[in-house]
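Colleague: I would like a close look at how the strands are paired in this model, and at what lies around them. Please go through it step by step.

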Amino acid sequence: MARCAARGGRASVPDVPKPTLVPAPACPTPHPEGVSNDEFRDAMSRLAAGVCLITANEPPLSAGGGRGEDVGMTATAFMSVSLEPPLVLVSVREGSRMDDLLAEQPLWAVSVLADSQVQVASRFAMKNRISDRLLFEDVPYVRGAVSGAPLLTGALATLECRTQSRVEAGDHTLVIGHVLTATQPSPDTPPLTYFRGRYRHLTP
C-alpha cells in the first residue's frame with residue numbers, strides 16, 4: 001500500500017524498474033497533536049453505546065401561552081457520573097437547539113431507549129428535520145411531573161434532571177444533571193445500542 005506523500009510530492013517508488021508514477025493517496029489532515037478527525041471518529045465508533053432520547057420543554061414566550069414546545073435529541077454520549085449525589089452527564093453539540101434550550105431551561109429528562117424504539121432514535125437524530133412538535137405527535141409518552149418533559153412509554157428507564165453545571169468541551173457542551181426522579185417503565189426489554197455508525201440489537 002502506498003504511503004501518504006509529503007505535501008506536494010508523490011508516493012515513493014523503487015529505482016528499477018521505473019513504473020509510471022501515480023499520485024499518492026490523500027492523507028487526512030491531522031490536528032496539531034497528530035490525530036485526524038477521521039482517525040478519531042473511526043476509533044470511537046468501536047465503542048458500543050446505549051441510546052437515549054434527551055427531552056426538555058421550552059417555556060412559552062408569553063405568560064398564558066400554553067405549555068410551550070417539547071424538544072428532543074437522540075444521544076449516545078450519556079453516562080452516570082456519581083451516586084452521592086446522583087449525577088449524570090450528556091454531551092450536546094455547541095450551538096444546537098438543545099444546547100441553547102438547556103442554557104436557559106434547567107430541567108430536562110432522559111429516556112433510555114429499548115431496541116423496539118429504533119425509529120424514535122432515528123427520527124430525533126435527523127438533520128434538517130421537521131418541527132419537534134410533529135416529531136412527538138405519534139410517539140407515546142407521559143409528561144414528567146418534575147421536569148414537564150416527555151418521558152417515553154416503553155423506555156427501559158427514565159430520569160428527570162436539573163442542570164448542576166455546564167462545561168464547554170471543544171465543539172460540544174457537557175451538561176451535568178442532578179437526577180430528581182428515576183423510573184423503569186420496561187426494565188426487562190433488550191436495549192438499543194449504537195456501534196460502528198449503526199443502531200444494533202443485542203442477541204440473547
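Modeller: Two strands count as paired if DSSP finds at least two bridges between them. The model is a predicted one, and what follows is computed from its atoms.

Start with the sheet of 3 strands, which is open and antiparallel, in the order S1-S11-S12. Its edges are strand S1 (49-50) and strand S12 (198-201); each has a single partner strand, so one side of each is left without a neighbour in the sheet. S1 and S11 run antiparallel and are joined by 2 bridges. In that pairing Gly50 stands opposite Thr193 in S11.

Thr193 deserves a closer look. This residue belongs to strand S11. Is Thr193 buried or exposed? The cut-off for buried is under 20% relative accessible area; Thr193 has 14%, so Thr193 is buried. If neighbours within four places in sequence are left aside, Thr193 is in contact with Ala49, Val51, Arg198, Tyr199, Arg200, His201 and Leu202.

The other sheet to consider is open too, with 7 strands in the order S3-S2-S6-S9-S10-S5-S4 and antiparallel pairing. S3 and strand S4 (78-82) stand at its edges with a single partner strand each, so one side of each is left without a neighbour in the sheet. From one strand to the next the twist averages 35°.

At the S3 edge, strand S2 (residues 52-58) runs antiparallel to S3, and 7 bridges join them. Ala56 has Val71 in S3 opposite it. Helix H2 packs on this sheet and touches S2, S3, S5, strand S6 (107-112), strand S9 (157-169) and S10. The direction of H2 makes about 55° with that of S2.

At the S4 edge, S4 and S5 run antiparallel and are joined by 4 bridges. The connection between S4 and S5 is a hairpin of 4 residues. Within this pairing Met79 has Leu89 in S5 as its bridge partner. S5 also pairs with S10 in the antiparallel sense, over 7 bridges. There Leu87 stands opposite His178 in S10. S5 is mostly covered, with 6 of its 7 residues buried.

Several of these strands also appear around the largest pocket. Its volume is about 1,800 Å³. The lining of this pocket takes in 41 residues, and Thr76, Ala77, Ser91, Arg93 and His172 lie nearest the centre. The elements that give two or more residues to the lining are helix H1 (37-44), strand S3 (69-75), strand S5 (87-93), helix H2 (97-104), strand S10 (172-183) and strand S11 (192-195). Which element gives the most to this lining? The answer is S3, with 5 residues. Sorted by class, the lining has 21 nonpolar, 12 polar and 8 charged residues.

To tie the parts together, S3 is an edge strand of the 7-strand sheet and also gives the most residues to the pocket lining. S11 sits between S1 and S12 in the order of the 3-strand sheet, holds the buried Thr193, and is among the elements giving two or more residues to the lining of the largest pocket.

Definitions and conventions:
Residues are numbered from 1 along each chain as its sequence is written. This is a predicted model: local features need pLDDT of at least 70, side-chain atom pairs count only at pLDDT 80 or more; totals for chains, interfaces and linings use all residues. Side-chain values use heavy atoms; hydrogens and water are left out. On a 1 Å grid over the protein atoms alone, a cavity is a set of points where a 1.4 Å probe fits but cannot get out, and a pocket is an open set with protein on both sides within 12 Å along at least five of seven lines; lining residues have an atom within 4 Å of a point. Grid points are joined across faces, edges and corners, and a volume is the space filled by probe spheres set on the points. Ala, Val, Leu, Ile, Met, Phe, Trp, Tyr, Cys and Pro count as nonpolar, Asp, Glu, Lys and Arg as charged, and the others, Gly among them, as polar. Axes are lines fitted to C-alpha atoms, for helices over the stretch in contact, and angles run from 0 to 180 degrees between N-to-C directions. Contact means heavy atoms within 4.5 Å. Buried means under 20% relative accessible area, exposed over 50%, partly exposed in between (1.4 Å probe, protein chains only).
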